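Welcome, and please open your viewer so that we can walk through this protein together. At each stop you will get something to select and a short note on what is there.

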Amino acid sequence: QLQLAESGGGLVQPGGSLRLSCVASGFNLHDYHIGWFRQAPGKEREGVSCISRDDNIRYVDSVKGRVTISRDNAKKVVYLEMSSLKPEDTAVYYCAARWTSVSLCDIQDYAYWNQGTHFWGQGTQVTVSS
């Protein structure tokens with residue numbers, strides 16, 4: 001079965017840290033861009049960060065300096081390490097995989113992640129609150 005599974009979410013105080021994991025099953029990550037997205041209650045899903053098949057990385061401005069994305073193709077896992085968390089980071093976090101032959105990923109183009117061969121995980125809840 002081809003799927004992605006996120007884990008690592010939870011409740012954390014403002015200023016705290018979390019590491020999210022996105023594990024792939026049934027396919028190899030090395031030919032895929034991997035993106036992290038989030039969706040807060042009542043808001044549209046938005047991109048957070050992506051790492052391309054060639055390890056080129058993009059972050060949206062709101063998380064730059066606080067988030068690090070990395071991948072381990074051998075373990076079929078992509079991580080999103082988040083620090084200095086704020087209440088506005090509260091959301092369900094999703095990972096997505098998009099097969100591609102190009103070098104760069106675009107975390108701003110949401111439609112791109114729903115084209116071609118692609119997968120989405122079920123999400124993991126991150127709540128930042130005191």
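The tour below starts with a strand and its neighbours and then moves on to charged pairs. Keep in mind that this is a predicted model.

**Stop 1: strand β8**

Select residues 77-82, which make up strand β8. Is this strand largely enclosed or not by the rest of the structure? Five of its six residues are buried, so β8 is largely enclosed.

Now add residues 18-25, which form strand β3. Six bridges join β3 to β8, and the two strands run antiparallel. To see one place where they face each other, pick L18 and find M82 of β8 opposite.

Next, add residues 67-72, strand β7. Here too the strands run antiparallel, with six bridges joining β7 to β8. Click on R71 in your viewer: its bridge partner in β8 is V78.

Before leaving, look at the turn of the hairpin that β7 and β8 make, where four residues lie between the strands. Select K76 there, which takes a positive phi near 60°.

**Stop 2: a charged pair between two loops**

Side chains of opposite charge can pair when their charged atoms come close. How many salt bridges does the structure hold? There are six.

Select R53 and D31 to view one of them, in which the closest N and O atoms are 3.5 Å apart. R53 sits in the loop between β5 and β6, while D31 sits in the loop between β3 and β4, so you are looking at a link between distant parts of the chain, 22 residues apart. Because its relative accessibility is 25%, R53 counts as partly exposed. D31 is also partly exposed, with a relative accessible area of 25%.

**Stop 3: D89 and its partners**

Now select D89 and R38, a salt bridge whose closest N and O atoms are 2.9 Å apart. D89 lies in the loop between β8 and β9 and R38 lies in strand β4, so this pair ties together parts that are 51 residues apart in sequence. Are these two residues buried or exposed? Both D89 and R38 are buried.

Keep D89 selected and add R66, with which D89 forms a salt bridge at 2.7 Å between the closest N and O atoms. R66 is in the loop between β6 and β7, 23 residues from D89. The relative accessible area of D89 is 1%, and R66 counts as buried at 12%.

To finish, add E46 to your selection: salt bridges that share partners join R38, E46, R66 and D89 into one network.

Note on methods: Residues numbered from 1 in each chain as written. Predicted model: local features only at pLDDT ≥ 70, side-chain atom pairs only at ≥ 80, totals over all residues. Heavy atoms only, no water. Buried < 20%, exposed > 50% of the residue type's maximum accessible area, 1.4 Å probe, protein only. Pairing = 2+ DSSP bridges. Salt bridge = Lys/Arg side-chain N within 4 Å of Asp/Glu carboxyl O.
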